[in-house]
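I opened my notebook to follow a few parts of this chain, one after another, and to write down what I looked up.

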Amino acid sequence: MSIRVLYSSYTVITINNNGYVWTHSMNLLAEISKIKRRKMASNKDGDENEAVTNFREYLRIPTVHPDVDYSKCVEFLLRQAQSLNLPSNIYYMAPGKPIVIITWVGQKPELSSILLNSHTDVVPVYPECWTHDPFSAHKDSNGNIYARGAQDMKCVGIQYIETIRKYIKEKLVFDRTIHMSFVPDEETGGDLGMKLFVGSPEFASLNVGFALDEGLASNDDSFSIYYGERTLWHLQVKCSGTPGHGSLIHENTAGEKLHYIINKFMNWREHEKLRMKSCKLNVGDVTTVNLTMINGGCQINVVPPELTVGFDVRLSVAVDITEIENIVKKWCEEAGEGVTLEFMCKSAYIQPTPLTPENPWWVTFKNECDKMNLKTKTYIFPGATDSRYIREIGIPAIGFSPMNNTPILLHDHDEFLNEKTFLDGIDIYYNIIKSLASV
């Protein structure tokens with residue numbers, strides 16, 4: 001079931017699939033005035049850019065796992081839509097998982113649209129390990145803004161909003177419609193967010209031709225561009241064998257089989273480590289293999305009847321997935337009777353976005369970067385983002401977060417983004433999105 005929520009200036013009107021309608025009071029214009037007064041009060045010197053103030057307010061909303069409450073986040077985004085005088089919709093692909101869409105209709109709405117995607121959720125924190133409250137958006141004397149989500153990825157969501165705000169203030173118009181999407185639960189795999197949304201009639205109605213999504217910060221002066229993702233496997237191997245007393249040497253034990261399996265996977269891991277080093281590859285260019293879980297046994301002097309090992313595997317886009325799966329199955333057969341392979345997550349291979357002259361979106365994106373004299377590097381993303389669901393349905397997507405000369409701190413303690421870097425990112429998006437909307 002999906003629910004669509006329509007907004008007027010003063011009242012929220014909610015319509016579900018059964019046609020039931022209810023309303024509740026929400027004077028958004030009054031809320032905007034309150035927020036503006038609050039911003040002025042907290043910034044008496046008037047020296048903080050309004051975009052930075054909006055960014056810090058967004059960071060203070062703790063949309064943190066587990067059991068995320070998105071209500072304050074939705075209210076914030078609706079105020080932003082109202083401040084832009086743009087229509088907004090909320091879709092629920094799953095209960096309690098709002099997808100907010102803010103739309104700026106182009107001069108030629110029949111053309112395919114541009115989707116600017118970001119996620120609203122953030123990963124958990126260990127507050128005792130932070131120098132500042134992770135949801136205070138503390139700004140130090142160097143302009144570093146500390147908060148969970150500063151890099152991953154509330155910065156990008158606000159940069160989209162502030163870029164559109166600049167266009168509207170300058171009375172610019174573009175041929176293509178631009179949609180800003182703010183989706184839930186990306187940090188837990190996107191199963192109740194973008195994964196469901198891309199298969200819905202609501203998404204189809206957006207008529208998306210190209211999408212931007214998150215990237216990563218760069219430690220040097222370059223900007224990282226991501227055009228694809230590796231194939232994600234979460235698998236476990238269960239090894240059954242002869243149980244018994246720990247003082248005896250039993251045949252056909254679960255431990256012997258587990259040893260064989262672990263050796264095979266760790267040798268694979270070592271091969272990829274050496275290949276990355278000798279060929280000077282990036283982590284996204286190789287297959288990563290990590291042993292993440294071992295379960296089994298009840299007591300130290302009891303040989304267990306079953307042991308289980310789990311692996312996180314991210315397959316390089318260059319490998320034959322079917323061939324790799326057959327090799328893993330062969331290892332299980334070689335380990336002995338009673339060894340079974342189970343996939344907890346088995347993603348399909350997804351074609352990367354082509355970075356070729358035949359792709360007008362890429363050509364336009366790269367040309368704008370070149371005009372700004374940005375030093376860019378292209379990569380396969382090492383982790384997983386919502387871009388994979390967009391690419392999976394045939395829509396080209398690029399992951400890009402304009403943060404250079406910045407330590408990569410997503411999911412880390414003391415995550416921060418510098419104020420100047422944040423504002424420079426808006427200027428970069430300003431040129432890129434403007435050109436994409438005119439392709």
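Before I begin with the strands, I note that two strands pair if DSSP finds at least two bridges between them, and that the model I am reading is predicted.

Entry one, a strand and its partners. I looked up strand E16, residues 306–315, and found that 9 of its 10 residues are buried. On one side of my list is strand E12 (residues 231–240), which pairs with E16 in the antiparallel sense over 10 bridges, and within this pairing Leu 235 has Phe 311 of E16 as its bridge partner. I also looked up strand E14 (residues 288–296), which runs antiparallel to E16 and is joined to it by 8 bridges; here I found Asn 295 opposite Thr 308 of E16.

Entry two, a pair of helices. I turned to helix H2 (residues 50–59) and helix H4 (residues 154–169), whose axes lie 10 Å apart and which pack at an angle of about 145°, in a right-handed crossing. Among the residues that meet there, I wrote down Phe 55 and Tyr 58 from H2, and Ile 158 and Arg 165 from H4. Sorted by class, the contact of H2 with H4 has 6 nonpolar, 1 polar and 3 charged residues.

Entry three, a loop residue. Is Asn 404 buried or exposed? I found Asn 404 in the loop between strand E19 (397–399) and strand E20 (416–418), and it counts as buried because its relative accessibility is 16%, where the cut-off is under 20%. The side chain of Asn 404 reaches the backbone oxygen of Asp 221 at 3.1 Å, and, leaving aside neighbours within four places in sequence, the contacts of Asn 404 include Ser 218, Phe 223 and Thr 421.

Key: Residues are numbered from 1 along each chain as its sequence is written. This is a predicted model: local features need pLDDT of at least 70, side-chain atom pairs count only at pLDDT 80 or more; totals for chains, interfaces and linings use all residues. Side-chain values use heavy atoms; hydrogens and water are left out. Buried means under 20% relative accessible area, exposed over 50%, partly exposed in between (1.4 Å probe, protein chains only). Helices (H or I, at least four residues) and strands (E, at least two) are DSSP runs, numbered from the N terminus. Axes are lines fitted to C-alpha atoms, for helices over the stretch in contact, and angles run from 0 to 180 degrees between N-to-C directions. A crossing is left-handed if the near helix is turned anticlockwise from the far one by less than a right angle, and right-handed if clockwise. Contact means heavy atoms within 4.5 Å. Ala, Val, Leu, Ile, Met, Phe, Trp, Tyr, Cys and Pro count as nonpolar, Asp, Glu, Lys and Arg as charged, and the others, Gly among them, as polar. A polar contact is a pair of N or O atoms within 3.5 Å; within protein, one must be able to donate a hydrogen and the other to accept it, and residues adjacent in sequence count only if both atoms are side-chain atoms.
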